[in-house]
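Please work through the exercises below with the sequence and the coordinates open, trying each task before reading its solution.

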Amino acid sequence: MTIRLPHGTYEPRTEPASFTAGGAPLASRTVFSAAHVVADPSADVSPDSPAAIDWDATLAFRRHLWAHGLGVAEAMDTAQRGMGLDWPAAAELVRRSAAEAKAAGGRIAAGVGTDQLTGPTDLAGVRDAYEEQLSFVESTGAQPVLMASRALAATAAGAEDYLAVYGHLLRQSAEPVVLHWLGPMFDPALDGYWGSADPDAATDVFLKVVAEHPDKVDGVKVSLLDAGREVELRRRLPEGVRCYTGDDFHYPELIEGDEHGFSHALLGVFDPLGPLAAEAVRVLDTGDKEGFRALLDPTVALSRHLFSAPTRFYKTGVVFLAWLAGHQDHFTMVGGLQSARSLPHLAKAYEMADRLGLFPDPELAEARMKSLLSVYGAER
């Protein structure tokens with residue numbers, strides 16, 4: 001049996017790779033999957049409407065990740081934070097997921113931002129918005145991830161403003177947080193974050209925030225798609241502060257590390273790769289670096305495809321693969337973002353994921369891919 005895709009004929013797999021739930025807890029690396037949300041396809045909404053979420057399917061996907069031993073990074077970029085998911089919906093998502101994490105015994109971190117702000121503000125307004133969200137996330141029991149703020153990027157006059165706002169928040173935090181540096185390839189509104197468009201100067205400010213409050217920083221999450229910069233940065237971190245890679249282009253080598261250290265992981269691509277990624281880390285736990293790379297290296301081509309420019313639309317491919325894998329019954333996204341990638345892009349993602357054995361039911365994935373081709377008028 002073959003399927004005719006826009007780029008050519010493909011013969012789908014008939015057997016999935018075997019990545020079963022359970023197994024020993026991940027030991028040598030702390031690994032979070034930044035998880036997507038499942039939209040409610042029956043809601044009568046427009047792209048500008050508040051998010052309508054299928055809570056049952058959304059939480060079921062988080063249980064799937066926990067069952068494989070991964071942590072969940074909630075209400076982050078992958079969940080369309082700032083691209084369809086507003087703060088009221090994000091708060092409800094964090095509340096529900098944190099409660100589910102307690103019941104499942106799963107690890108959870110959650111994004112803290114300033115997206116309740118809807119107009120111009122000043123530094124005090126940015127600080128207050130951050131404080132409100134930080135207090136809420138802490139109240140749920142989730143570990144806070146201090147996300148980059150569009151409002152702060154638009155308001156700050158320079159590095160000192162970043163140092164002041166983040167310093168205030170870290171003094172207020174009850175427990176160590178994760179600091180998140182999201183590059184402009186993920187969100188153009190964050191260009192020049194940390195007070196400079198010069199990456200070296202921005203890195204110095206970022207590290208100064210950490211150095212001034214090492215007891216309040218569990219780790220830093222770096223999403224710059226620049227492996228060399230991440231390696232240099234993690235070598236400059238104070239002892240005990242972790243580096244969580246957010247580099248969806250170079251994650252195998254960064255997680256493996258070198259003689260000077262390694263990165264933990266908080267990755268959007270570990271949404272579709274969750275079971276395979278967990279298996280790879282368990283292999284690494286035994287000290288088998290070659291086996292770890294043998295599992296994870298072949299996934300990089302798919303990740304680079306999903307995160308190709310415009311990178312911020314990678315969420316479309318992530319949700320598409322979740323639909324093909326049977327984690328949800330439809331390919332509909334918050335804000336109508338299912339339209340953000342072309343049919344050829346999605347078809348290539350299907351083929352690459354199928355070759356990796358990511359679909360628990362390859363026949364279901366093939367049938368759904370054919371149905372999408374039909375909707376597009378491209379069925380062959």
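**Exercise 1: a pair of crossing helices**

In this predicted model, helix α12 (residues 314-324) and helix α13 (residues 343-355) have axes that come within 10 Å and cross at roughly 55°. Task: classify the orientation of α12 to α13, give the handedness of the crossing, and describe the contact by residue class.

Solution. Begin with the angle: values under 35 degrees count as roughly parallel and 65 to 115 as roughly perpendicular. The crossing at roughly 55° belongs to neither class, and therefore α12 is oblique to α13. Next, look at the handedness, which is right-handed where α12 passes α13. The contact itself is formed by Thr-316, Phe-320, Leu-321 and Leu-324 on the α12 side, and by Leu-346, Ala-349, Tyr-350 and Ala-353 on the α13 side. Sorted by class, the contact of α12 with α13 comprises 7 nonpolar residues and 1 polar residue, with no charged residues.

**Exercise 2: a second helix pair**

Task: for helix α9 (residues 274-285) and helix α10 (residues 289-296), decide from the crossing angle how the two are oriented, and then list the residues that meet.

Solution. The axes of α9 and α10 come within 7 Å and cross at roughly 170°. Because angles over 145 degrees count as roughly antiparallel, α9 is roughly antiparallel to α10. The crossing in which α9 passes α10 is left-handed. From α9, the residues Leu-276, Ala-277, Glu-279, Ala-280, Val-281, Val-283 and Leu-284 meet Lys-289, Gly-291, Phe-292, Leu-295 and Leu-296 from α10. Divided by class, the contact of α9 with α10 has 9 nonpolar, 1 polar and 2 charged residues.

**Exercise 3: the barrel and its strands**

Task: trace the order of the strands in the closed barrel, and then follow the pairing of β3 with β4 and of β5 with β6.

Solution. The closed barrel consists of 8 strands in the order β3-β4-β5-β6-β7-β8-β9-β10, and their pairing is parallel. On average, and with direction ignored, neighbouring strands of this sheet are turned by 25° against each other. Strand β3 (residues 31-34) pairs with strand β4 (residues 71-74) in the parallel sense over 3 bridges, and Ala-34 has Ala-73 in β4 as its bridge partner. Helix α2 (residues 87-104) packs on the sheet, where α2 touches β4 and β5, and the direction of α2 makes about 165° with that of β5. Strand β5 (residues 108-112) runs parallel to β6 and is joined to β6 by 4 bridges, with Gly-111 having Val-145 in β6 as its bridge partner. In strand β6 (residues 143-146) both faces are covered, since Gln-143 and Val-145 on one side are buried, as are Pro-144 and Leu-146 on the other.

**Exercise 4: two individual residues**

Task: is Ser-33 buried or exposed, and what lies within reach of Ala-57 despite a separation of 272 residues in sequence?

Solution. Ser-33 belongs to strand β3, and it counts as buried because its relative accessibility is 0%. If neighbours within four places in sequence are left aside, Ser-33 is in contact with Leu-65, Leu-70, Gly-71, Val-72, Ala-73, Leu-267, Phe-270 and Asp-271. Ala-57, in turn, is found in helix α1 (residues 55-67), and its relative accessible area of 15% means that Ala-57 is buried. The residue asked for is Asp-329, which is 8.8 Å from Ala-57, C-alpha to C-alpha.

Definitions and conventions
Residues numbered from 1 in each chain as written. Predicted model: local features only at pLDDT ≥ 70, side-chain atom pairs only at ≥ 80, totals over all residues. Heavy atoms only, no water. Axes fitted to C-alpha atoms, helices over the stretch in contact; angles between N-to-C directions. Left-handed = near helix turned anticlockwise from the far one by under 90°. Contact = heavy atoms within 4.5 Å. Nonpolar A, V, L, I, M, F, W, Y, C, P; charged D, E, K, R; others polar. Buried < 20%, exposed > 50% of the residue type's maximum accessible area, 1.4 Å probe, protein only. Pairing = 2+ DSSP bridges.
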